[in-house]
Amino acid sequence: FPVGAAVLYADGSVVAGCNVENATYGLTVCAERNAFAAGVAQGKEKPVAVAVVVDTLEPCPPCGMCRQVMAEFAGPDFPVRSRTLNGSEARYSLGELLPHAFTRAFL
């Protein structure tokens with residue numbers, strides 16, 4: 001299930017990631033989480049949007065784990081875009097995808 005993701009940061013830089021699948025499935029890491037982790041490793045701050053590209057007929061939203069990771073770095077207005085290889089696109093806000101996010105505000 002090939003997936004690519006790119007996070008746009010306030011400084012204009014883009015950090016990409018891809019999913020890395022594993023035979024046990026549970027150890028698979030999604031493209032979105034890999035892109036955010038790469039941004040952290042590069043010292044990036046203030047993500048402003050994420051784009052996801054999937055090789056499916058319909059755009060698919062990020063999984064629950066990816067939504068939670070995004071909530072660690074961005075607020076409910078954070079734009080999330082999913083696009084297929086044939087150009088179909090879905091647009092979401094993080095708040096739509098994860099309306100009651102558990103964030104550091106609860107800690």
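**Exercise 1. Work out how the strands of this predicted model are put together, starting from β3 and β4.**

Step 1. Begin with β3 and β4: they run parallel and are joined by 5 bridges. To find a spot where you can see this, look at V54, whose bridge partner in β4 is T84.

Step 2. Now go to the pairing of β3 with β1. These two are antiparallel, and the pairing covers 7 bridges. Pick A6 as your marker here; its bridge partner in β3 is A51.

Step 3. Stay on A6 and look towards β2. The bridge partner of A6 in that strand is A16. β1 and β2 (residues 14-18) run antiparallel, with 5 bridges joining them.

Step 4. Follow the chain from β1 to β2. The two strands make a hairpin with 4 residues between them, and G12 in the turn shows a positive phi of about 90°.

Put together, β1 pairs with β3 and with β2, while β3 is also joined to β4.

**Exercise 2. Sort the side chains of β1 and β4 by the face they point to.**

Step 1. Take β1, which covers residues 3-9. V3, A5, V7 and Y9 point to one face and are buried. G4, A6 and L8 point to the other face and are not buried.

Step 2. Repeat this for β4. Here the side chains alternate too: V80, S82 and T84 are buried on one face, while P79, R81 and R83 point to the other and are not buried.

**Exercise 3. Find out what surrounds S82 and T84 in β4.**

Step 1. Locate S82 in strand β4, residues 79-84. Its relative accessible area is 0%, so S82 is buried.

Step 2. List who touches S82, skipping residues up to four places away in sequence. You should get V52, V54, P59, C60, S88, E89, A90 and Y92.

Step 3. Check the polar side of things. The S82 side chain reaches the backbone oxygen of C60 at 2.7 Å.

Step 4. Try a long jump along the chain. S82 and G4 are 78 residues apart in sequence, and their C-alpha atoms are separated by 9.9 Å.

Step 5. Move on to T84, also placed in β4. With 3% relative accessibility, it counts as buried because the cut-off is under 20%.

Step 6. Look at the contacts of T84, again leaving out neighbours within four places in sequence: V54, T56, L57, E58 and P59. Its side chain also has a polar contact of 2.3 Å with the side chain of N86.

**Exercise 4. Decide whether T28 and P76, each in a loop, are buried or exposed.**

Step 1. T28 sits in the loop between β2 and α1. Its relative accessibility is 17%, so T28 counts as buried.

Step 2. See what T28 meets. Apart from residues up to four places away in sequence, it touches V20, E21, N22 and R33. A polar atom of the T28 side chain lies 3.1 Å from the backbone nitrogen of N22.

Step 3. P76 is in the loop between α2 and β4. Its relative accessible area is 56%, so P76 is exposed.

Step 4. Exposed or not, P76 has company: setting aside neighbours within four places in sequence, it is in contact with S93, L94 and G95. P76 and E96 are 20 residues apart in sequence, with 7.5 Å from C-alpha to C-alpha.

**Exercise 5. Describe the buried residues of α1, then the largest pocket.**

Step 1. Pick out the buried residues of α1: A31, E32, R33, A35, F36 and G39. They pack against β1, β2, β3 and α2 (64-73).

Step 2. Look just past α1, where G43 has a positive phi of about 75°.

Step 3. Turn to the largest pocket, which holds about 210 Å³ of space. Its lining has 15 residues, and F1, V3, N19, C30 and E32 lie nearest the centre.

Step 4. Ask which elements help to line the largest pocket. α1 (31-41) and β3 (47-54) each supply at least two residues of the lining.

Step 5. Finish with the classes: the lining of the largest pocket has 11 nonpolar, 2 polar and 2 charged residues.

Notes: Residues are numbered from 1 along each chain as its sequence is written. This is a predicted model: local features need pLDDT of at least 70, side-chain atom pairs count only at pLDDT 80 or more; totals for chains, interfaces and linings use all residues. Side-chain values use heavy atoms; hydrogens and water are left out. On a 1 Å grid over the protein atoms alone, a cavity is a set of points where a 1.4 Å probe fits but cannot get out, and a pocket is an open set with protein on both sides within 12 Å along at least five of seven lines; lining residues have an atom within 4 Å of a point. Grid points are joined across faces, edges and corners, and a volume is the space filled by probe spheres set on the points. Ala, Val, Leu, Ile, Met, Phe, Trp, Tyr, Cys and Pro count as nonpolar, Asp, Glu, Lys and Arg as charged, and the others, Gly among them, as polar. Buried means under 20% relative accessible area, exposed over 50%, partly exposed in between (1.4 Å probe, protein chains only). Contact means heavy atoms within 4.5 Å. A polar contact is a pair of N or O atoms within 3.5 Å; within protein, one must be able to donate a hydrogen and the other to accept it, and residues adjacent in sequence count only if both atoms are side-chain atoms. Two strands pair if DSSP finds at least two bridges between them.
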